[in-house]
Amino acid sequence: MSKVSRQSVRGYGFKQLLANALRQQSQKKKNRKAREQKKQVPAGASAERDGSPAQRKNAASINASSVGPQQDIAQAGDTVPLLFCKRVTISSAKYGGTWIQPDLLKQGSYSFEGVFLYAISQGNVATTPSIQQAFVGSVALKFLPNITAPTLTQYYKSQAQMAAAKNVCPITSGKIFCDIETANYTSAFSSPKGFISRVNPVRPASYSGTRDIVRGEGDTTNTTWTVPGTEIRIYEVATGIDRTAGFWAGGSFPGGVGFTYRFNSRFSNSQLVGGDPVGATIVFQAPGTYLGPAADFFFIVYGTYEPVVIIFPEGTVNKQTNVSNPASTGQLYGIERESSISAVADPTSFPSSYDFTVFSDITFLEIEGNIFDAFQEGQPRKTTRQLSVFYENGADVVLYSQGLSTAGPSNQFVDLAMHLFALIKRANPNNASISQPIDTSNLQALATFAQNIKAFFNGVIDQSVNVVEYVTSMAPFFLLSFISKNGRYSLQPLLPLSSNNINVSALTPVKTFTEADILPGSFAKVYFDQAQRRDFNVSVIFRESSAQEIGGQRTKTVRFSTTANDAPTEQFDMTDFCTNQEHAEIYAKYELSRRKHSTHTISFDVPLLTTSLIPTQIIRVQRQRVNTTGDDRTEIETYQVTSIEHASNGTTSILAMHFPVNGSGISLISNDVVNTAFEVV
């Protein structure tokens, strides 16, 4: 589209031409050809999963009458979340803290108690939540019916600590491990109703052990069940080859195929005397016992070096195995097996050749206790509901909000922004040259401003983000703008401040531009569309910060008192970070006031500016309006700079938003935000 000669039109005529041009552009028909095939980025599956809504770790509301969704399991390529929050008390009211729904990294079993490991956050979260602040489904851990004494343990090692001892796993309970080939786990469940047992050849250098526990209800001391050898089948997993005949031909059991398997047998002096009681444990081989080379033995028994499955059909239950004693009155569900396997003799002390540094600088949460779903008859307990944990404090970060005096948890957006830049090696308080790309001189003042308006960040960053884009998009929710200032990034307030509060006194523009400054033909004014300026309601969504309600969401509608109830509503979702109504309200007020009073934007060029004019600063523009009707007059308007570009041809281009003031020079937008009585419902 050719350029319009701006020198030839003025006032309303130029605006009309520009509006028509924009309207014509918007009404052009889109290409009706077939849609182009979407291109899949190579190795993009992990990135797509990482960006999916299902991967969000901010806790969603759970219906109190339901058990909640099943626990999410971590996968390779998932982003470790960043927990950023701090609970504070202001005038006896508590603000902040956040819920997180972490993925399950590892699950194990130790002495038939469940052991679960979750990745909570990048960085060190120094505060461990209580068992009342950890929910499984919709029930607090402390009140689960299947658990008596659950424990929460947090683990963390810095990069420096891990670098000094790469082979020392941060997880030190001895029940769940960093090494992928070392585990305590539930390996099988034998049921009278039939079951499949998978048998793997033991590797020559493995250390392992097994123990069994009887599952059931009531008295099972005289209950066993039997399966004739003629009814079992053995198959090689990889090929499906039937290995049953070879198994019996190998003479593995006296009597060959005529052997009868009996389960839950209890002996005394080698004599069968009945069944084991519910809860009885039988240790076949203590964990950590060296098995030695066993592949040849496996081949002799099964005729293959590959894993096999043994299929046991439904057996015959005998509740009076010992006819001399009364029949059992309880119900035998089956026998659960717990296995231990390790590549080293002592999995609590790995040799120096091992490297676990991938576990550095991450806070892990370990839960010990049977948080499984309720035991189902004849079925082992494997699944759990989603874990939701309330943290009052998040990861420790450098506190730029306090002048770099210390490190600790924070709820200040300025600290979050600096921490994100530190993660990508663009900020370092101990290295001035690295810190140079970001202006830190005003961060304490901005933190005080945030404290005054109660604008806090309490949330979870759970997906990969572009730091500059993320900070830029989030800053307005804190009444800030992330700008480029003299070759450096900078956070600046969207509204003029005075003593770290919104300024509602007369403004003094930093510079006045007249026609003598503005290059001829460069000035343009564009009015906002009428639909953007009509009365509307703002609906803001935020989260509760209560440790008793998982991720509870609230909605408030804010409007001017003169706005009709049925006016259009625009919704702003602040649930990722906002946990208090005051924060949500002041942002809604800013949006309403800006849209009401700011009617247009302007752009113009001037000779190269050598002053330190930056975006968000207030300027005044004074021009002589001349048109054919003869009502020439001087126009003086106040604007907020939104963009400045310096060109190599010696000019500076300025884009600014209308920022009107009243007769006393007070900002109409700021005055509304601070002093106008809005309706909040």
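**Close-up views of a predicted model**

**View 1. Helix H6 is mostly covered in this predicted model.** H6 spans residues 413-423, and 9 of its 11 residues are buried. The buried residues are Phe413, Val414, Asp415, Leu416, Ala417, Met418, His419, Leu420 and Phe421. After H6 comes Lys425, which has a positive phi near 65 degrees.

**View 2. Phe84 and Phe457 form an edge-to-face aromatic pair.** A pair of aromatic rings is described by the distance of the centres and the angle of the planes. The structure holds 34 aromatic pairs. In the pair of Phe84 and Phe457, the ring centres are 5.8 Å apart and the planes meet at 80 degrees. Phe84 belongs to strand E1 (residues 82-84), whereas Phe457 lies in the loop between helix H8 (443-453) and strand E26 (459-461); the pair thus links distant parts of the chain, 373 residues apart. Both Phe84 and Phe457 are buried.

**View 3. Phe457 and Phe577 form a stacked aromatic pair.** The distance is 5.8 Å centre to centre, with 20 degrees between the planes. Phe457 is in the loop between H8 and E26, and Phe577 is in the loop between strand E35 (569-573) and helix H11 (581-597), so the pair ties together parts 120 residues apart in sequence. Phe577 is buried, as is Phe457.

**View 4. Ring pairs link several aromatic residues into a cluster.** The cluster comprises Phe195, Trp225, Phe247, Trp248, Phe259, Tyr261, Phe263, Phe298, Tyr302 and Phe312.

**View 5. Arg595 and Arg623 each lie over the face of a Phe ring.** Arg595 is placed over Phe536, at 4.2 Å from the ring centre. Arg623 is placed over Phe523, at 3.9 Å from the ring centre.

Notes: Residues numbered from 1 in each chain as written. Predicted model: local features only at pLDDT ≥ 70, side-chain atom pairs only at ≥ 80, totals over all residues. Heavy atoms only, no water. Buried < 20%, exposed > 50% of the residue type's maximum accessible area, 1.4 Å probe, protein only. Helix = DSSP H or I, 4+ residues; strand = E, 2+ residues; numbered from the N terminus. Phe/Tyr/Trp six-rings, centres within 6.5 Å; stacked < 30°, edge-to-face > 60°. Lys NZ or Arg CZ within 6 Å of the ring centre and 35° of its normal.
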